[in-house]
Every structure is written in C-alpha cells, then in structure tokens.
Protein chains: 2
Amino acid sequence: MTETLIAEDSYDIADVASRTGLTAHTLRYYERAGLVHAPSRDAAGRRRYTEADIGWLTFLTKLRSTGMPIRLVREYVELCWAGDGNEPDRLVLLQAHREAVLQRLDEAKRDLEHIDYKINLYRKASS
Amino acid sequence: MTETLIAEDSYDIADVASRTGLTAHTLRYYERAGLVHAPSRDAAGRRRYTEADIGWLTFLTKLRSTGMPIRLVREYVELCWAGDGNEPDRLVLLQAHREAVLQRLDEAKRDLEHIDYKINLYRKASS
DNA sequence: ACTTGACTTCGAGTGCGCTCGAAGGGGGAG
DNA sequence: CTCCCCCTTCGAGCGCACTCGAAGTCAAGT
C-alpha cells in the first residue's frame with residue numbers, strides 16, 4: 001500500500017516546465033534569482049508548485065518576453081511580497097515598462113518599414 | 001601652408017559615431033566582425049567613411065534594432081559583397097527576418113495586453 | 001618644443017540570461 | 001533487490017554584443 005500523499009493541485013518541476021515553456025533548469029534559476037517564491041517541497045525534498053505559482057510564472061514570462069530585465073522583475077516581485085500598501089509603486093513600475101515596450105514596438109515598426117522598402121526593391125528587381 | 005587633402009564627402013570615425021548613434025568602439029567592432037566594409041584611410045592611417053558607408057551603417061542599425069543577430073547581418077552583407085546574381089537569397093533572408101519581427105511584435109502586443117490588464121487592476125484598486 | 005587630443009591596434013573584461021554537468025539521493029516498476 | 005529515471009545542489013561555462021583599457025602614433029595649436 002503505497003499512498004502518495006500529494007496535494008491535489010500541486011505540480012512537479014517537469015509539469016511546470018512543460019506548462020510554462022521554461023526548462024527545469026530555468027525554473028531553479030528564477031528561484032535563485034528571486035523571481036519566484038520558493039515552492040513547498042514533498043517528503044523527498046522535491047519542489048511542488050501550486051496553481052498560483054504557475055499563474056505567477058505565466059505573468060513573469062510575459063514581463064520577460066516583453067523585455068523587462070530580471071532586475072526589474074525582481075523589484076516588482078519584492079514589492080508584491082512586501083504586502084499591501086505599495087500598489088502605487090507597482091503601478092508605476094508596470095506603467096514605466098508599458099511605455100518602454102510601446103516605444104520599442106514603435107521603433108521596430110518604423111525600422112521594419114525601411115527593411116520592407118529594401119525587400120520591395122529586390123522584388124521589383126527580380127520581376 | 002597646410003593643405004589637408006581630404007575627400008569632400010568623407011567623415012572620420014567621430015563624425016560617423018555621432019551621425020549613427022554608435023560609438024567609435026562599436027564601429028571598429030562591426031568592422032572586425034565583418035559587418036561593414038573596411039573604410040579607406042587617410043595619410044595617417046585613420047578611417048575615412050563615405051556617405052555610402054554611413055548609408056549602410058544606417059540600414060544595419062535597423063536590422064540590429066529589429067533584433068537581427070550579428071551572424072545573420074554578416075550573412076546578408078556577404079551576399080551583397082558577393083556581387084550580382086544572389087538577390088533572391090538576400091530577399092529570402094530579409095523576408096525571413098521580416099516574418100520573425102512581425103511574430104515578435106505580435107507576441108509582444110498580446111503579452112502587453114495582460115500587463116495592461118494588471119495595470120488596470122491596480123488603477124481600480126487605488127480609485 | 002611641448003601639449004593636447006583624437007586616432008590606431010590588440011586583447012581582455014563586462015553584463016545579461018541562461019545552460020549545463022557532475023555528483024548524489026530517492027522511489028516506483030519488475 | 002535492482003534498475004532506471006527524475007529529482008536535488010552547486011558552481012562553472014557559454015553566447016551574444018558590446019565595452020573598455022593600455023600603449024603607441026600623429027597632427028595641429030600656442
């Protein structure tokens with residue numbers, strides 16, 4: 001009788017890796033880097049992630065994929081961990097990021113137009 | 001009578017740096033990396049860039065700022081240097097980049113929506 | 001003649017974000 | 001009991017794109 005007593009909505013590192021698209025190595029790295037709460041452990045010392053952990057990881061990957069540096073992600077999570085009362089600071093941080101992203105998107109669009117122009121030259125030349 | 005015999009539309013590395021937004025260090029690095037033609041030199045061995053060099057640098061910065069890795073930029077310039085006949089290859093390379101950029105822009109936009117959602121939560125909370 | 005300052009080469013160093021490998025420890029299947 | 005696989009920690013290594021510093025050269029200004 002081997003009863004594996006594991007909380008129902010808890011996931012091991014491999015599950016989380018496949019659900020977030022991150023590698024197990026990267027998940028441990030994020031933990032070391034202070035980007036995620038250390039998850040709880042099972043009897044054997046293995047990480048058990050909750051649904052909430054996955055939710056946070058999902059949001060964090062969006063911050064990362066929009067170019068927020070690790071350092072700023074950490075600042076943000078530290079504000080979150082610090083408890084209630086600093087929501088305005090979090091808002092400022094996220095809004096600054098938002099503006100930075102919009103600027104980069106805009107510049108990328110303008111630069112892409114020049115590249116498109118060149119592409120069209122090649123297309124016309126090979127007509 | 002010191003006549004400085006320098007071709008009229010030629011620029012030294014500092015001019016080019018300020019006109020392209022790159023540093024002199026970076027310009028030399030790009031040259032080493034095979035991203036630009038080695039410019040001609042004056043009598044004292046200093047680089048003299050032409051208007052055409054600046055044009056290419058301008059385009060190259062657009063490739064870079066849209067995320068094209070150095071390696072691919074080099075592939076592209078090598079095609080250009082190889083002379084006529086490979087325009088279809090250059091077109092393929094630029095189009096592939098274009099698609100990659102569009103995908104990244106799209107993903108960034110979608111991710112930004114989630115961030116905006118969170119921003120709005122904070123805004124509502126502090127109302 | 002001397003100073004200043006921008007240029008030259010070469011190679012090493014930096015910062016970021018992973019990425020990997022070694023060494024060891026369970027734990028379930030057969 | 002053995003096998004195998006996935007987990008653990010720790011620390012080193014990597015790829016990219018610069019970025020910088022040392023040491024030397026040269027030309028022009030005072």
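Student: How do you know that chain B is in contact with chain A, and how many residues take part?

Tutor: In this predicted model, 27 residues of chain B are in contact with 27 residues of chain A. Contact here requires C-beta atoms within 7 Å, and these residues fulfil that condition.

Student: Which elements of chain B give two or more residues to the side that touches chain A?

Tutor: They are helix 3 (51-65) and helix 5 (87-125) of chain B. Helix 5 of chain B provides the largest share, 22 residues. By class, that side of chain B divides into 12 nonpolar, 6 polar and 9 charged residues.

Student: Why can one say that the copies meet through the same surface?

Tutor: Because 100% of the interface residues of chain B are also interface residues in chain A, the surface is the same in both copies.

Student: What makes the relation between chain A and chain B that of a two-fold axis?

Tutor: In general, two copies of a chain are related by a rotation about an axis and a shift along it. Here a turn of 180 degrees and a shift of 0.0 Å along the axis lay chain B on chain A, with an RMSD of 0.0 Å. That is why the relation is the one of a two-fold axis.

Student: Which residue of chain B comes closest to the rotation axis?

Tutor: L105(B) does, with its C-alpha at 3.3 Å.

Student: What makes a residue part of the surface near DNA strand C, and how many residues surround that strand?

Tutor: The C-beta atom has to lie within 6 Å of the strand. For DNA strand C, 20 residues surround it, and the closest are A44(A), P69(A), I70(A), A14(B) and R47(B). Helix 2 (24-32) and helix 4 (70-81) of chain A, with helix 1 (13-20) and helix 2 (24-32) of chain B, each supply at least two residues. The largest share, 3 residues, is from helix 2 of chain A.

Student: Which residues are closest to DNA strand D, and which elements supply at least two residues of the surface near that strand?

Tutor: DNA strand D is surrounded by 20 residues, the closest being A14(A), R46(A), R47(A), P69(B) and I70(B). At least two residues each come from helix 1 (13-20) and helix 2 of chain A and from helix 2 and helix 4 (70-81) of chain B. Helix 2 of chain B gives the largest share, 3 residues. The classes near DNA strand D are 8 nonpolar, 6 polar and 6 charged.

Student: What is the confidence in chain A?

Tutor: Chain A averages a pLDDT of 94, and 94% of the residues score at least 70.

Conventions. Residues are numbered from 1 along each chain as its sequence is written. Chains are lettered from A and ligands numbered from 1 in the order in which they are written. This is a predicted model: local features need pLDDT of at least 70, side-chain atom pairs count only at pLDDT 80 or more; totals for chains, interfaces and linings use all residues. Helices (H or I, at least four residues) and strands (E, at least two) are DSSP runs, numbered from the N terminus. pLDDT is the predictor's confidence in each residue, from 0 to 100. Two residues are in contact if their C-beta atoms, placed from the backbone, lie within 7 Å. Ala, Val, Leu, Ile, Met, Phe, Trp, Tyr, Cys and Pro count as nonpolar, Asp, Glu, Lys and Arg as charged, and the others, Gly among them, as polar. Copies are superposed by least squares on the C-alpha atoms of residues with pLDDT of at least 70 in both.
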